[in-house]
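Subject: Structure handover and notes

Dear colleague,

I am passing on the structure we spoke about, together with my notes on it. Please read the notes with the structure open beside them.

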Protein chains: 2
Amino acid sequence: MSTIISSFAELTAHLASINNRKRIAVANAVDPHTLEAVLKAVDMKLVEAFLIGDVASIESPALFEDHDSAHIHIIDVPEVNEATLEAVRMVKDGQADILMKGLVNTDVILRAILDKEKGLLPTGKVLTYNAALEIPNYHKLVFFSDPAVIPSPNREQRIAMIKYAIDSALKFGIEHPKIALIHATEKANPKIQYMQDYLDILQKWRMGAFGDVVMDGPIDIFLALDKELGSIKNVPTPVLGDADILIFTDFAAANAFYKGLRIFAGAEMGGLLQGTEKPVVLTSRSDSELSKFYSIALACILS
Amino acid sequence: MSTIISSFAELTAHLASINNRKRIAVANAVDPHTLEAVLKAVDMKLVEAFLIGDVASIESPALFEDHDSAHIHIIDVPEVNEATLEAVRMVKDGQADILMKGLVNTDVILRAILDKEKGLLPTGKVLTYNAALEIPNYHKLVFFSDPAVIPSPNREQRIAMIKYAIDSALKFGIEHPKIALIHATEKANPKIQYMQDYLDILQKWRMGAFGDVVMDGPIDIFLALDKELGSIKNVPTPVLGDADILIFTDFAAANAFYKGLRIFAGAEMGGLLQGTEKPVVLTSRSDSELSKFYSIALACILS
């Protein structure tokens with residue numbers, strides 16, 4: 001890979017330039033935010049959209065005007081559960097590359113994804129949430145995990161989270177991603193349960209289990225993301241102020257971190273479920289249209 | 001209390017106006033950041049300072065010029081451990097109202113504070129860290145706990161954290177503080193260990209154990225701090241976008257939250273140890289001079 005993608009604008013420009021549309025199956029895309037994000041992705045040549053759902057309940061049909069109808073397919077399935085199952089089936093059967101949640105309860109789509117026979121999670125795979133955050137004044141995108149799915153990861157789940165994030169960073173052209181195992185301090189307090197996970201993971205890293213990447217931990221947010229504040233601590237770390245990937249202790253920490261930055265620092269997130277056969281865009285109502293669009297772009301480059 | 005203090009500038013102006021200097025004993029105040037913060041507090045009539053430590057190692061003696069020497073007392077104790085013990089003794093014996101850490105290892109001062117005979121922690125009291133955060137674009141200060149001391153609080157520790165924070169908010173003139181028990185989501189997943197604590201605490205709150213305050217949880221950072229993003233979630237909460245106090249699941253979450261905002265949103269924190277007989281200002285090297293000054297101001301109003 002020749003270029004490094006360091007912002008969502010660069011990501012979408014890159015995807016538009018390669019003109020390699022991915023097929024996205026959207027379960028009940030009837031709410032304006034989801035529809036607008038999908039239509040924007042169609043317009044920018046990122047996707048060909050299959051909108052499966054209750055057409056009659058689309059809040060603003062006028063949205064479809066002036067869009068590239070050749071790449072928009074509306075499939076009327078009035079019942080939301082059935083629409084969700086059909087969207088999952090399309091992905092399962094190779095008729096779509098990406099699954100996206102529209103106006104469907106998270107429980108409903110998760111149940112469909114987790115179905116042993118017809119679902120999308122291969123046996124033994126860890127289902128987790130992998131996200132990229134664009135923070136104004138940070139010099140690149142930073143991947144972080146997991147703000148949404150696994151409340152308190154165990155060691156195997158942490159390892160899976162790290163591997164998904166590394167795969168993502170590599171696809172963004174980052175040759176040797178720098179991974180920070182985040183904690184409140186750089187002191188490895190052995191009384192804290194997740195600390196043993198961190199130490200084991202670092203041991204695995206030293207033995208090459210994660211490939212040619214840089215990893216350090218426990219370190220705090222200052223050491224991971226700010227050269228100046230990190231330097232004051234006098235803790236030598238190869239990550240210093242330049243992390244590509246943040247692995248948090250649990251989802252409460254990851255969640256509070258990004259939501260604070262979303263409100264007060266203008267940060268935008270793109271995120272998706274990983275572990276599934278194909279990427280799943282599973283945004284929530286409080287995510288902006290932009291965030292949904294970025295999540296689609298992330299799914300395009302990772303699918 | 002007639003006025004509400006909603007920023008650090010208002011806090012220091014209020015303290016200057018009442019001209020009620022507190023006596024602060026600083027253990028080994030030889031580093032420029034600590035000295036500058038203390039001298040600023042002297043100049044603003046917040047404190048009378050007792051600087052106990054190795055005078056010969058003061059990096060910039062010129063700092064003392066042009067300051068109010070009548071309220072600065074330099075006590076030469078060349079050995080750092082002894083200086084720390086002497087500062088603790090002064091507070092213990094009522095010769096000072098506030099203890100502050102200078103260039104001393106945290107372990108050393110904590111050992112002195114925790115000493116059963118000569119220390120400052122009454123039997124049965126919970127030692128925790130209580131902090132106020134000023135975030136540009138949030139309409140007031142927000143207290144939060146605990147980013148530094150208790151890795152994973154138990155129920156009794158959470159209750160103590162909440163009570164200290166309520167006491168602080170009341171001293172800032174907030175009559176009915178709004179307390180958010182923070183989590184990644186508003187769904188109370190019973191499988192997560194701290195969730196039972198939250199539910200028990202809410203039950204106690206309903207029975208009046210915390211006085212005339214508003215409390216809700218689990219809620220996320222959007223619901224706690226942003227009316228617009230919180231409203232999208234359609235979760236009715238009396239805290240909506242107006243929290244005075246954030247109680248985090250553990251110190252990793254509180255720490256990541258504030259450090260992200262410090263770097264990328266220009267947030268400033270003042271904080272101190274609570275549970276001790278008198279407030280203890282225990283800042284770290286990566287805290288700014290301003291943050292150390294705000295911590296002193298916080299100790300003044302809480303002592």
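The notes below go from conventions to the pairing of the chains, then to domains, helices and the core.

This is a predicted model, in which local features need pLDDT of at least 70 and side-chain atom pairs count only at pLDDT 80 or more, while totals for chains, interfaces and linings use all residues. Residues are numbered from 1 along each chain as its sequence is written, and chains are lettered from A and ligands numbered from 1 in the order in which they are written.

On the pairing of the chains, a rotation of 180° with 0.0 Å of shift along its axis brings chain A onto chain B with an RMSD of 0.0 Å, the superposition being by least squares on the C-alpha atoms of residues with pLDDT of at least 70 in both copies. The two copies are thus related as by a two-fold rotation axis, and the C-alpha of chain A nearest that axis belongs to Ala253(A), at 1.8 Å.

The contact between the chains takes 36 residues from chain A and 36 residues from chain B, where two residues are in contact if their C-beta atoms, placed from the backbone, lie within 7 Å. On the side of chain A that touches chain B, α7 (221-225), α8 (227-232) and α9 (251-264) of chain A each supply at least two residues, and α9(A) gives the most, with eleven residues; helices here are DSSP runs of H or I with at least four residues, strands are runs of E with at least two, and both are numbered from the N terminus. That side of chain A divides into 23 nonpolar, eight polar and five charged residues, with Ala, Val, Leu, Ile, Met, Phe, Trp, Tyr, Cys and Pro counted as nonpolar, Asp, Glu, Lys and Arg as charged, and the others, Gly among them, as polar. Because 100% of the interface residues of chain A are also interface residues in chain B, the copies meet through the same surface.

Within chain A, domain 1 (1-121) and domain 2 (123-275) are distinguished, with bounds that come from an automatic or database domain assignment. Their C-alpha centres lie 28 Å apart, and eight residues of domain 1 of chain A are in contact with eleven residues of domain 2 of chain A.

Helix α3 (residues 80-92) of chain A has buried residues that include Val80(A), Leu85(A) and Lys92(A), a residue being buried if 20 or more other C-beta atoms lie within 10 Å of its own, exposed if 12 or fewer, and partly exposed in between, with C-beta atoms placed from the backbone. The buried residues of α3(A) pack against β1 (22-27), β2 (47-53), β4 (98-101) and α4 (106-114) of chain A, and just after this helix Gly94(A) takes a positive phi of about 80°.

In chain B, eleven of the 14 residues of α10(B) are buried, so this helix is largely enclosed by the rest of the structure. One of those buried residues is Ile296(B), which, leaving aside its neighbours within four places in sequence, is in contact with residues including Ile24(B), Val47(B), Met100(B) and Val281(B).

By contrast, Ser17(A), in helix α1 (residues 8-18) of chain A, is exposed, with 9 other C-beta atoms within 10 Å.

Best wishes
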